[in-house]
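Visitor: I would like a close look at one part of this molecule. Please take me through it step by step.

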Amino acid sequence: MDDLLRPTARPSELDVSGACRSQNPTWFDGESLEAIQNAKKICSACPVRQMCLEWAISNEPHGVWGETTPKERKKLRGGTHFVTLEDRMREIERIADLRSSKTAVQLAAKYGKDQRTIFRWRAELGLDEEQVA
Ligand code: SF4
């Protein structure tokens, strides 16, 4: 859950110091082996490679970043589902709803779940129905 709330802004250092800023962008977004190899070669000497990789693991579904392809980053995430900005926004909305005074009946209808699920979600946040009603 903490992962969902991590900031998503791309570190400005990548734009300022990234070795790719003056290179051919088609290498970084290309899918040919040659393009990927060219991009990775530039990344390997980049002064912000580690920062780029840490950011890209949870924020970049496409292209070469931090000397990795999307497949390699998925492997580094343990094969887990990529968390998109939309996923994060939905989760923030869900938590706000659970903390609101909306009833379990209203939330069950909104999320297509039964009321027990809403009670469980609230309990996971340390809330009970009397606290939010
Ligand atoms: S690691 Fe690669 S993609 Fe990231 S900023 Fe450096 S050159 Fe660009």
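Which residues make up the largest nonpolar core?

Guide: Keep in mind that this is a predicted model. The largest nonpolar core has nine residues. Four of the names come early in the list: Leu14, Trp27, Ala39 and Cys43. The others are Cys52, Trp55, Ala56, Val64 and Trp65. Two helices, α3 and α4, each supply at least two residues of this core. The largest share comes from α4, with three residues.

Pick out tryptophan 55, one of the core residues. Set aside its neighbours within four places in sequence. Tryptophan 55 is then in contact with Arg10 and Pro11.

Now turn to the ligand. Among the residues around it are Leu14, Cys43, Cys52 and Trp65. Those names also appear in the core. The shell around the ligand further includes Gly18, Ala19, Cys20, Ile42 and Cys46. Val48, Arg49 and Gly66 belong to the shell too. Helices α3 (33–44) and α4 (49–59) are the elements that give two or more residues to this shell. By class, the shell has nine nonpolar, two polar and one charged residues.

For contrast, look at another pair of helices. Helix α7 covers residues 104–111, and helix α8 covers residues 115–124. They pack at an angle of about 105°, with their axes 8 Å apart. That angle makes α7 roughly perpendicular to α8. On the α7 side, Ala104, Val105, Leu107 and Ala108 meet Gln115, Ile118 and Phe119 of α8. By class, this contact has six nonpolar, one polar and no charged residues.

Technical notes
Residues numbered from 1 in each chain as written. Predicted model: local features only at pLDDT ≥ 70, side-chain atom pairs only at ≥ 80, totals over all residues. Near = placed C-beta within 6 Å. Helix = DSSP H or I, 4+ residues; strand = E, 2+ residues; numbered from the N terminus. Nonpolar A, V, L, I, M, F, W, Y, C, P; charged D, E, K, R; others polar. Core = buried A, V, L, I, M, F, W, Y, C linked by C-beta atoms within 7 Å. Buried ≥ 20, exposed ≤ 12 C-beta atoms within 10 Å, placed from the backbone. Contact = placed C-beta atoms within 7 Å. Axes fitted to C-alpha atoms, helices over the stretch in contact; angles between N-to-C directions. Parallel < 35°, antiparallel > 145°, perpendicular 65-115°, else oblique.
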